[in-house]
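Hi everyone, thanks for making time for this. I'd like to walk you through a structure together, so please have a look at the screen.

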Amino acid sequence: MATDYDAPRKTEDDSESIEALKERVPDKLSGAVDVEDADNPSGFELPGADLSDLELDVVVLPAQEDEFTCIECFLVKHRTQIHHENAIGAVCVECAA
Ligand SMILES: [Zn+2]
């Protein structure tokens, strides 16, 4: 394997392949952009794409154990800012004021 890699023929082949790649790259890039543009608004059906990033952008994480979502302003705040709780949920001190 190593002896074949050091052969001078390989160097010539590499330079040729690089030129060939340069011609192919624009096509690949434009195709990828088209796919992303088409799939982003339609949903999460594209496999192997930036699914994790999309989920981070879209999904709102639930309140942590020491946090709550105010039912008046819908902001997630620390539990120390709960003014009172009722059957629906908690109201922050700012909304209760
Ligand atoms: Zn509030």
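What percentage of the 97 residues in the protein chain do buried residues make up? The answer is 9%. Please keep in mind that this is a predicted model.

Let's begin with the overall layout. The protein chain has four helices and four strands. If you follow the sequence from start to end, the pattern reads α-α-α-β-β-β-β-α. Now think about contacts between residues at least 6 apart in sequence: 3% of those in the protein chain join residues at least 24 apart. As for the surface, the protein chain exposes about 8,300 Å², and 55% of that is supplied by carbon and sulfur atoms.

Next, the metal site. Which residues coordinate the zinc ion? They are Cys 70, Cys 73, Cys 92 and Cys 95, each through its SG atom, at 2.2 to 2.3 Å. The angles among the four donor atoms run from 104 to 118°, and the site is tetrahedral. For comparison, the ideal angle for four tetrahedral donors is 109.5 degrees. Along the sequence, the donor residues follow the spacing C-x2-C-x18-C-x2-C. Cys 70 sits in the loop between β1 (67-69) and β2 (76-78), while Cys 92 belongs to strand β4 (residues 90-92), so this pair ties together parts that are 22 residues apart in sequence.

How covered are these cysteines? Cys 70 has a relative accessible area of 0%, so it is buried, and Cys 92 is buried as well. Cys 95, on the other hand, is partly exposed, because its relative accessible area is 30%. And how many disulfides does a search of the whole structure find? Zero.

Two of the zinc donors turn up again in our next topic, the core. Nonpolar side chains in soluble globular proteins tend to be buried together. Here, the largest nonpolar core consists of five residues, namely Phe 68, Cys 70, Ile 82, Ala 90 and Cys 92. Take Ile 82 from that group: leaving aside residues up to four places away in sequence, Ile 82 touches Phe 68, Ala 90, Val 91, Cys 92 and Val 93.

Glu 67 is found in strand β1. Its C-alpha is 9.2 Å from that of Ile 82, and the two residues are 15 apart in sequence. Glu 67 counts as partly exposed because its relative accessibility is 28%. Again not counting residues up to four places away in sequence, Glu 67 touches Val 76, Lys 77, His 78 and Arg 79.

Let's move on to the loops. Phe 74 lies in the loop between β1 and β2. Most residues other than glycine have a negative phi. Phe 74 has a positive phi of about 60°, although it is not a glycine. Is Phe 74 buried or exposed? With 63% relative accessibility, Phe 74 counts as exposed.

Our last stop is Ile 88, in the loop between β3 (82-85) and β4. Ile 88 has a relative accessible area of 72%, so it is exposed: the cut-off for that word is over 50%. Ile 88 and Ile 71 are 17 residues apart in sequence, and their C-alpha atoms are 7.5 Å apart in space.

If you remember one picture from today, let it be the zinc ion held by Cys 70, Cys 73, Cys 92 and Cys 95, with Cys 70 and Cys 92 also belonging to the largest nonpolar core. Thanks for listening!

Definitions and conventions: Residues numbered from 1 in each chain as written. Predicted model: local features only at pLDDT ≥ 70, side-chain atom pairs only at ≥ 80, totals over all residues. Heavy atoms only, no water. Donors = N, O, S within 2.8 Å, 3.2 Å for Na, K, Ca; no water. Tetrahedral: all angles 85-135°; square planar, octahedral: opposite > 155°, others 65-115°. Helix = DSSP H or I, 4+ residues; strand = E, 2+ residues; numbered from the N terminus. Buried < 20%, exposed > 50% of the residue type's maximum accessible area, 1.4 Å probe, protein only. Core = buried A, V, L, I, M, F, W, Y, C linked by side-chain atoms within 4.5 Å. Contact = heavy atoms within 4.5 Å. Disulfide = S-S within 2.5 Å. Areas by Shrake-Rupley, 256 points an atom, 1.4 Å probe, with all protein chains shown as cover.
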